[in-house]
Structures are given as C-alpha cells and as structure tokens.
Amino acid sequence: MINVPLELLPVLKLLPGEYIFNDGAEVLAGQDNALVVDEKGCFLGKIPISFLNEDIPIRKLHSLVEPVQETIQQNENAVELIEHFKNKEKVVYVTNWENKLIGAVSSDSRVISMLIKMKDNFLFPNIFDAIYEAVLIIDISGSIVYVNHAYTNIVGISGWKILGRKMSEVEPHSSCLKVLKGHSPVINKRYFIESVGVEVLANIIPFYVNGKLEGVVSMFRNVYETINLGHELQRMRGVAEYLHNEEAENKLPEAFDKIVGNNRHFRQALALAANVCNTNATVMLRGDSGTGKEVLAEAIQKSSLRKDCPFIKVNCASIPENLLESELFGYEEGAFTGAKRGGKKGKFELAHKGTIFLDEVGDMSLAMQAKLLRVLQEKEIERVGSSRTIPVDVRVISATNKDLETMVLQKQFRDDLYYRLNVIPIFLPPLRRRKDDIPLLVERFLGLYCKEHGKDKVIVSSEVMNILIDYDWPGNIRELKNVIEHAVILCAWGVVTVEHLPIFFKKHKNNPSAPEWDKESLSEMVEQLEKEAIARALRKYGNKSDAIKALGISRRSFYLKLKKYQMFV
C-alpha cells in the first residue's frame, strides 16, 4: 500500500464566489455544485449551483442540501484518498478534525496522478511509516515516488517538496542513481547528503517486480541520532556510545584539558562534543550565558579535522542589525557610504575551509535568518552590493541561551533554520546544577589569577568556600571568575576570607534581602546598589543589550551610569 501523509499532498483552493444565507450559512462555489458550510465553517454538504439562481425559499433550499461522501480528514492515510480517485471522482474535499472545510484535492494533481499509477506497480508497506529510518524510493526513470515520515524528520525537508521530482535534480551525485544504473548495492555506508548537509548511514538496493528492475530503495539514518527523538534522547544516545565505560569518558581530546568539571551531566556534554569533533556536523551549543559555550566551541575546533584552518568568531547580538549582513558576507567597493576601497571579505569568506562560531544566534532578526539559511543551504555567499556568488566550505558551530523551540512556535525563529543549526545540540548545565564542580573551578581560577597578577599561592577559607557553594550564580562561570579575580587582587596574606569577596557577598552572608547601613548617605547607598545591579546584569547576560533590557533603563541612561561609576566594560 502507498502510505503518504495527506498533509504532504497539494490542496487546491476552491473556486471563487460566496453566497450568504440569511441565517448565517455560507456557500462556497464549486464546479457543478456549491459547497455549504455553516457560520463556524463546518461542512454541511452540497447543492446544485443552478438552484442558487432560482427563486427558491431559504427553508426549501436547506432541504435540498445533500451529504457529501467524497470527503477525507486532513490527518487520514492517503490510501483512502487514492481509492476515491480510483472510483473516478474528480475532486475530494478535505476537512480538519472539527469537520471544518479547509480545501479540496483535484484528480488533476500531478502527485495524485503519479500515485494512482504507481500504486499498482509497487508495494509500499505501512510499516515504512512506523520505522525509525528514512525510506526513499525512486522508480526506473529516476523519479522520487515515495518517502516516509522519518525522511522529513531526519533530512528536515517536507516530502511533498521532492515527491515526483527527478533524483538527478534533488541530489545529482546520489548513489541511488548509480545503483539504478547497475552499480553494486550499498550496505551500511556513510554518505554526506550535500543538498541538506546531513551525514547518514545508508543501505541502497535495487528492487524487481516479476524479474524486471523497477527502481531503487534507499534506507538511511542520521549518523549522530535523528532529530525526531528529541534533544534529550539525542544527547543521551550520542554520549552512550562514547561513554560506554568510565575509562572512555575520561579520554577526552587534549584540547579539552582546560575545561574543568567532573559533574556527570557536564562530562556527558563534553563527551558528546568530543564525539562529533572529527566530523563536519553542524553543532549548536545550548545553555545559559556564562556556562562556557565559547570555550567548548574552541575545544571542538582545535580537536577537529579543520584545526589548522581559520576559526572565526561572531557575536550576532553585539553587531548592529544594519551591519550584520556586511560583517558576515562582506561587501563590494561602493556598496554603501564609507565602504572600503576594494571591498571587504565577510566572516564566512574568512572562515573558508575552517570553522565559524555564531554566538547568540537566537538574537538574529527574521530577515537575517533567511539570508543565513540560504548560505547554509547553497554553501555560497553574495557580498553586499554584488550579484556574484562565492562558494564557501565552512563548518558551523552556533550557540544561544534562548529557548529556540518556543521562539519557533511564536514565529520568532525560522523552523527551517532551526533544523539546519540544531543537528547536534549540546546542552551545558548552569553552574547552580553542577555545584560539585565549584571547588575545582575555584582552584583553577586561583592559580590563573595568582599568575596573572604576580601573587604567591592563594587558598580560600572554608567559610568562603561554603558561601561560594551556597550561592546560585546567575552569571554562571563568568561570574565566578570575576569573583575569584576580585578576591585574589584584594587578598594580601594568602588566604581568601569573606572580607575579600565583593560587597554583595558580605551582605548576602548576613541578610540577602537587606541593604547594609554603614553610615552612608542615601545617595551613596543608591549609587552602590546601582553599580552592583549593573555589574550583576553584565555578568549574568554577557552583553550590554540584554543587560539594558533586564535593568529596564534606556541605553543612554545605561552608558551615562557606566561613565559615572567608571565601569569600563
């Protein structure tokens, strides 16, 4: 049986023309019949369109409405739809689960005609739509005649977009075409699907009907786990292969040595990152600001096949919207006022053959997202002010602290770009969920800043360590580093005590909610609180724009206060 999701089939608009009954029932014009729906859009039936031109009372007109048999729900199996057309019906009407009329499918549809023809020649078992692997079938002419649900999840492209097209157009170098021409079948072989940038493990075999070659079946799965299993399952299964035992867990690449932490969840994230280093897979680092996403991106790049090639970092939130396109893709001479003579290469050109790190990618506008998506799909860029395309070979690592799934639902982030970037998501836990790592991090930062500031060895008192462990660290590792550097600079006798911590920790120790009265004037207290609030916001969010939003003040006021308090950031 052919098992194609109905939602993938083209739904034609009804012919124009509306008729409104006095009681609120609405009639949409069809061909020979008018389709009658009530004021809620529920499908009532049909009536000969000629009756609408006659002087027939409304009540009698309602009695002439006939039920419609040729209907199908949007979420039903398309096999039922094909059976309607096999019975010579020209149009089948489509309703949703509330019985609201949403459109019609015509027998003139190219896809419908092809499916009716192919149904008698091929066996497409329903089980194809229940399995985890993607299934794609081409016929003897090289046309794509079937894809299952898993194909869309793994590749990120809706099946209806390629159904009926030639494989040579969709993926010119596909091994399916080689097998169709008589090459040996493919068994458990890795392939990189160039058109979508996904690496798969594939089996490709020819199939015969009555001894005659009729086409090729390709079954494949994502090498690094498929998207449709969800982020958590994908992460856990990815690390399961790498972390089969404790010994394997500890054998991270050398570039990971400067990353400190023994927390189980954190080590699992590092192991997944190490597992994808020597691939070209697109990686997205997820986690709160200050959790070490940029440090991990550097470790991945230094352990990858592109380690000797450029590593270009771009903070998408720190570059004004009107400059981001020229920064990423470059510009030609004369493209705009102030453009350099000879133009300028963009970050993607500079990263050619290497890796680009797109930090805060969730802050991009929808317009910029569309342009980035095209570059990822086509693997080429156009400079601002030019129509010439420049091919680029770049591995993309992105990072964000945004809830992209919610942003996709709210239409604030493109779902197609989300699937392009989120092939291998790696979630870094916040410091408040890995407090067992705080002593290790403190020791590392003490050594770092003692060396940087020319201090002898410094340790922290047990009281200070308890305060650090008890604190929730909204700014995560970035905030902890700042606190330790502050303490090292103030510490004069080798032991960090509470007095060497920032003033906030002293107040927090006594009463987290009460300001300290130290014979200061009210204005001095306000200034101190303002200064601390700004510093905490910068540590937590990592960039000025988000800090300004969190503080609820204008950009002008923010910069005036930075100048007033001599906070050079």
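These exercises walk through a predicted model, each with a worked solution. Residues are numbered from 1 along each chain as its sequence is written, and side-chain values use heavy atoms, with hydrogens and water left out. In this predicted model, local features need pLDDT of at least 70 and side-chain atom pairs count only at pLDDT 80 or more, while totals for chains, interfaces and linings use all residues.

**Exercise 1. Aromatic pairs**

Find how many aromatic pairs the whole structure holds, and classify the pair of phenylalanine 329 and phenylalanine 348.

Step 1. Let us start with the rule: rings of Phe, Tyr and Trp (its six-membered ring) pair if their centres lie within 6.5 Å, and planes under 30 degrees apart count as stacked, over 60 as edge-to-face and the rest as tilted. A search of the whole structure gives four such pairs.

Step 2. For phenylalanine 329 and phenylalanine 348, the centres are 5.8 Å apart with 40° between the planes, and the pair is tilted.

Step 3. Now place the two rings in the chain, where helices (H or I, at least four residues) and strands (E, at least two) are DSSP runs, numbered from the N terminus. Phenylalanine 329 belongs to helix α11 (residues 321-329) and phenylalanine 348 to helix α12 (residues 347-350); the pair links distant parts of the chain, 19 residues apart.

Step 4. Check the surroundings: buried means under 20% relative accessible area, exposed over 50%, and partly exposed in between (1.4 Å probe, protein chains only). Phenylalanine 329 is buried at 3%, and phenylalanine 348 is buried at 1%.

**Exercise 2. A second ring pair and a charge over a ring**

Explain why tyrosine 471 and tryptophan 473 form an edge-to-face pair, then find which ring lies under the charged end of arginine 434.

Step 1. The ring centres of tyrosine 471 and tryptophan 473 are 4.7 Å apart and the planes stand at 80°, so this pair is edge-to-face.

Step 2. Tyrosine 471 is buried at 4% relative accessibility, and tryptophan 473 is buried at 0%.

Step 3. A charge sits over a ring if NZ of Lys or CZ of Arg is within 6 Å of the ring centre and within 35 degrees of the ring normal. The ring in question is that of phenylalanine 266, and the charged end of arginine 434 sits over it, 3.6 Å from the centre.

**Exercise 3. Salt bridges**

Count the salt bridges, and work out which loops are tied together by aspartate 288 with arginine 432 and by aspartate 363 with lysine 402.

Step 1. A salt bridge is a side-chain nitrogen of Lys or Arg within 4 Å of a carboxyl oxygen of Asp or Glu. The count is 24.

Step 2. Aspartate 288 and arginine 432 meet in a salt bridge at 3.5 Å, N to O. Aspartate 288 is in the loop between β13 (283-286) and α10 (293-302), and arginine 432 is in the loop between β19 (424-427) and α16 (438-452), so the bridge ties together parts 144 residues apart in sequence. Aspartate 288 is partly exposed at 29%, as is arginine 432 at 38%.

Step 3. Aspartate 363 and lysine 402 form a salt bridge at 4.0 Å, N to O. The loop between β15 (355-359) and α13 (366-378) holds aspartate 363, and the loop between β18 (395-400) and α14 (404-409) holds lysine 402, so parts 39 residues apart in sequence are tied together.

Step 4. To finish, Lys258, Glu294, Glu298 and Lys313 are linked in a network of salt bridges.

**Exercise 4. An open sheet**

Give the strand order of the five-stranded open sheet, and say which strands stand at its edges.

Step 1. Two strands pair if DSSP finds at least two bridges between them. The order is β9-β8-β12-β11-β10, with antiparallel pairing.

Step 2. The edges are β9 (144-147) and β10 (186-193); each has a single partner strand, so one side of each is left without a neighbour in the sheet.

Step 3. Look at one edge: three bridges join β8 (residues 134-139) to β9, and leucine 136 has valine 147 in β9 as its bridge partner.

**Exercise 5. Positive phi**

Compare the settings of glutamate 360 and lysine 411: is each buried or exposed?

Step 1. Glutamate 360, though not a glycine, has a positive phi of about 55°. Lysine 411, also not a glycine, has a positive phi of about 65°.

Step 2. Glutamate 360 is in the loop between β15 and α13 and is buried at 6% relative accessibility.

Step 3. Lysine 411 is in the loop between α14 and α15 (415-421) and is exposed, at 66%.
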